[in-house]
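Trainee: I'm new to this one and would like a close look at a single part. Could you walk me through the sheet and whatever sits around it?

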Amino acid sequence: MSGSPAALSVRGLVVRYQGRAAVDGLDLDLAPGSVLALLGPNGAGKTTTVEVCEGLRSRDSGEVRVLGADPAGAPDTLRARIGVMPQGGGAYPGVRVREMVGLVAACAADPLDPDWLVDTLGLAGCARTPYKRLSVGQQQRLALACAVVGRPELVFLDEPTASLDPQGRRLVWDLVRALRADGVAVLLTTHLMQEAETLADHIVIVDHGRVVAEGSPEDLTAAGADRELRFRAAAGMDLKLLTAALPEGCTVSEPSSGSYLVEGAIDPQVLSTVTSWCARQGVLADDLRVARRSLEDVFLELTGRELRS
Amino acid sequence: MSAARFEAGTFTPAPGRGPLGRMLATQVALETKLALRQGEQVLLTLIIPLALLVGLSLLEFVPLPEPRVDAALATVLALAVMSTAFTSQAISLGFDRRYGVLRRLAATAVPRSMIVLGRLGGMAAVVLVQVVVLGAVALALGWRPGLGSPGWALLLVVLGTAAFGAVGVLLGGSLRAELVLAVANIVWFVLLFAGGVLVPASALPGPLAVVVQLLPSGALAEGLRTALLGGTPALGHIVVLIVWAVVAGGIATRTVRWT
């Protein structure tokens, strides 16, 4: 659709709790049919941001447009177009899985078949189990079912895989990919780097309520492009000649005996310089690896390594 | 990989709000089922009133005006309304808030007024079940509705449900779930014995006799006893119920938290 508004647009969002800014001037953009991952440590303001977008929480300032409308008034027409998976909870303690999906389906004009959805999300075996007796993973899959059963245009998934086993995580990933392929926009929060890297078209790393970095997974991991090349060879080689042969900006060191590290913009030129230098020294460079920074490295660099409460 | 699990086009957006009537009916049916399925709630709303109905009607040692079954029915109807609209309602609201179900529903296309209406509908449905069950058992015990004024009784049940419901929502919507559970049960117990339900106001010591008639429990039970024994309930009792409903309801709309 040409001229269709962004699925989500946030400008300068500020939300305060008792004077402290939980979200402090956040900007977000989400295009229709794409996946945006909000990545950040606990307490970074991810859930608060999502709840403002869902119309469940008020904001102190900033512009928020969800499918072109302001969620603050939470007009019913807007809420009919979004799907929400809260972080934990979201069902009567005594309700059975199938009943809860049926209730949320009854709120929608043209819902998915609840039986099919329950079955597909691996909940058929506990379709008649009360919510409070479900495992956390089952509760999460139920919340996911409730988020998508109404066939929304935009889905908010707040830490959708936080307590899932690897199979459950795969299932959710498949689901997110299928949503995206079918033109649904997805905003998901996560503190799992791999999840953001695997699913998202665009990643926004937040901390202390602010955007600290954003871009595609490739942009983020290549950004600052100080990549590194590691190899093993005989210990104690004289690195002066190698340093001289390498392009400017590259440094070589031997962090541990026999293990060498070249830091800088690693390109094929650097690679061939290293291997030919080793050949001239009559040694075989072993275990040669070009290390791309993982998203986790980026994340920890940006948000620090200390543990958050 | 995903193609294997989900056919293309499965999730193609087709948003929109379901018919309001269907939404409401589904929620009322579900909330009613939940209330009638939970052991502790059924004990409170049906088993105890039924046991008291049978006991009060048949055991002569409790002083009751004749016909005993009519007076007993009035007493247990008041108790049933209090149990459902106040105690059960407050406790389930407390835990529903804890479990985030209100936020869950608030994030769907259901208008918020409908969510409240759905809750009240579920509560009304349970009261209806209680009236039918208790009425049927009373009939079996010899109750003849013709003696009293069923119309007045019905009005009192509706007003009593509104008054106790408003107080129940006020309580269940403001405190922590465990605190709600404790307070709702204690209040139920106190009102049963000292609130004019089981023991009529006239049998209570001086000042308490006056006070209980200003409580929804006393007003409802006294009104029902009058109505089912053939009289016209005092205007004062009806006014007391309306005032409790309006005042507690008014405060509740301002203070009740959805989470």
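Mentor: A bit of vocabulary before we start: two residues count as being in contact if their C-beta atoms, placed from the backbone, lie within 7 Å. Keep in mind, too, that this is a predicted model.

With that in hand, take helix α5 of chain A, residues 136-148: it lies across β5 and β6 of chain A and runs at about 170 degrees to β5(A). Those two strands belong to an open sheet of six strands in chain A, ordered β5-β6-β7-β3-β8-β9, and the pairing in it is mixed. At the edges stand β5 (82-85) and β9 (210-215) of chain A; each has a single partner strand, so one side of each is left without a neighbour in the sheet. On average, neighbouring strands here are turned by 15 degrees against each other, if you ignore direction.

Now go to β3 (residues 35-39) and β8 (residues 202-207) of chain A. They run parallel, and four bridges join them. If you want a spot to zoom in on, find A:A37, which stands opposite A:I203 in β8(A). Another helix packs on the sheet as well: α1 of chain A, residues 46-54, touches β3, β5, β6 (154-158), β7 (185-190) and β8 of chain A. The direction of α1(A) makes about 150 degrees with that of β6(A).

Back to α5(A), since it leads us on to another helix. The buried residues of α3(A) pack against α4 (114-120) and α5 of chain A, together with α2 (20-37) of chain B. So how covered is α3(A), residues 97-106? Mostly: nine of its 10 residues are buried. Among them are A:V97, A:M100, A:V101, A:L103 and A:V104, and the charged-letter pair to look for, A:R98 and A:E99, is on the buried list too.

Finally, zoom out to see where all this sits. The domain assignment of chain A gives domain 1 as 8-214 and domain 2 as 227-292. The C-alpha centres of these two domains of chain A lie 46 Å apart.

And as you've already met chain B, here's one more stop there. Helix α7 (residues 150-172) and helix α11 (residues 235-255) of chain B pack at an angle of about 30 degrees, with their axes 8 Å apart. They are therefore roughly parallel to each other, and α7(B) passes α11(B) in a left-handed crossing. Residues making the contact include B:L159, B:A163 and B:V167 of α7(B), along with B:I238, B:W244 and B:A248 of α11(B).

Methods: Residues are numbered from 1 along each chain as its sequence is written. Chains are lettered from A and ligands numbered from 1 in the order in which they are written. This is a predicted model: local features need pLDDT of at least 70, side-chain atom pairs count only at pLDDT 80 or more; totals for chains, interfaces and linings use all residues. Two strands pair if DSSP finds at least two bridges between them. Axes are lines fitted to C-alpha atoms, for helices over the stretch in contact, and angles run from 0 to 180 degrees between N-to-C directions. A residue is buried if 20 or more other C-beta atoms lie within 10 Å of its own, exposed if 12 or fewer, and partly exposed in between; C-beta atoms are placed from the backbone. Domain bounds come from an automatic or database domain assignment. Angles under 35 degrees count as roughly parallel, over 145 as roughly antiparallel, 65 to 115 as roughly perpendicular and the rest as oblique. A crossing is left-handed if the near helix is turned anticlockwise from the far one by less than a right angle, and right-handed if clockwise.
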